[in-house]
Amino acid sequence: VQLQASGGGLVQPGGSLRLSCAASGIIFDVNTMAWYRQGPGKQRELVATIRRGGYTYHADSVKGRFTISRDYTRNTLYLQMNSLKPEDTAVYYCNFVTPRDDYWGQGTQVTVSS
């Protein structure tokens with residue numbers, strides 16, 4: 001099973017994007033879904049998580065601007081990004097965690113620039 005991230009692109013500061021991450025097949029017992037990002041010359045950092053039961057976490061740098069959500073029936077993860085800033089420029093990766101496995105998407109580029 002592979003994860004496919006999509007929805008990235010070039011957007012002006014203040015704009016919005018919605019990232020999606022879909023699994024190519026069924027993944028059982030997903031406990032946590034997450035978005036990470038890695039900006040130019042930076043380490044990969046956690047952006048947001050959503051756990052079984054719907055509990056969410058957002059990093060302080062994106063709180064109030066980004067919202068993580070999931071569609072249980074489609075095993076799909078989303079990240080709604082509003083009020084984008086140049087410092088949000090990064091490759092965004094999705095991650096599904098089960099008791100046995102750790103799945104990663106290939107990454108989708110988000111560039112925030114005027």
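Is E45 buried, partly exposed or exposed? In this predicted model, E45 counts as partly exposed, because its relative accessibility is 35%, a value that lies between the limit of under 20% for buried residues and that of over 50% for exposed ones. The residue is a useful place to start, and the path from it will be taken up again once the strands and the disulfide have been described.

A good first landmark is the open sheet, in which four strands are arranged in the order 1-3-8-7 with antiparallel pairing. At its edges stand strand 1, which covers residues 3-6, and strand 7, which covers residues 66-71, and each of these pairs on one side only. From one strand to the next, the twist averages 15 degrees. The partner of strand 7 is strand 8, made of residues 76-81, and the two run antiparallel, joined by six bridges; within this pairing, S69 has Y78 in strand 8 as its bridge partner.

Between strand 7 and strand 8 the chain passes through a loop, and R74 lies there. R74 is exposed, because its relative accessible area is 61%, which is over the 50% that marks an exposed residue. Although R74 and A23 are 51 residues apart along the chain, their C-alpha atoms are separated by 8.3 Å.

Strand 3 also leads to the disulfide, of which the structure holds one. A disulfide is a covalent bond between the sulfur atoms of two cysteines. Here the two cysteines are C21 and C94, with sulfur atoms 2.1 Å apart, and they link distant parts of the chain, since C21 sits in strand 3 (residues 17-23) and C94 in strand 9 (residues 90-97), 73 residues apart. The link is right-handed, with 60 degrees about the S-S bond. C21 counts as buried because its relative accessibility is 0%, and C94 likewise counts as buried because its relative accessibility is 0%.

The path now returns to E45 and to the charged side chains. Side chains of opposite charge can pair when their charged atoms come close. The model has a count of four salt bridges, and one of them brings together the side chains of E45 and R37, at 2.6 Å from N to O. While E45 is partly exposed, R37 counts as buried, because its relative accessibility is 6%.

R37 takes part in a further salt bridge, with D88, at 3.0 Å from N to O. R37 belongs to strand 4 (residues 32-38) and D88 to the loop between strand 8 and strand 9, so this pair ties together parts that are 51 residues apart in sequence. D88 in turn forms a salt bridge with R65, the closest N and O atoms being 2.7 Å apart. R65 lies in the loop between strand 6 (56-58) and strand 7, and D88 in the loop between strand 8 and strand 9, so parts that are 23 residues apart in sequence are tied together here as well.

What is the surrounding of these partners like, buried or exposed? R65 counts as buried because its relative accessibility is 10%, and D88 counts as buried because its relative accessibility is 1%. Through salt bridges that share partners, R37, E45, R65 and D88 are joined into one network, and the walk thus ends with E45, the partly exposed residue with which it began.

How values were computed
Residues are numbered from 1 along each chain as its sequence is written. This is a predicted model: local features need pLDDT of at least 70, side-chain atom pairs count only at pLDDT 80 or more; totals for chains, interfaces and linings use all residues. Side-chain values use heavy atoms; hydrogens and water are left out. Two strands pair if DSSP finds at least two bridges between them. Axes are lines fitted to C-alpha atoms, for helices over the stretch in contact, and angles run from 0 to 180 degrees between N-to-C directions. A disulfide is a pair of cysteine sulfur atoms within 2.5 Å. Buried means under 20% relative accessible area, exposed over 50%, partly exposed in between (1.4 Å probe, protein chains only).
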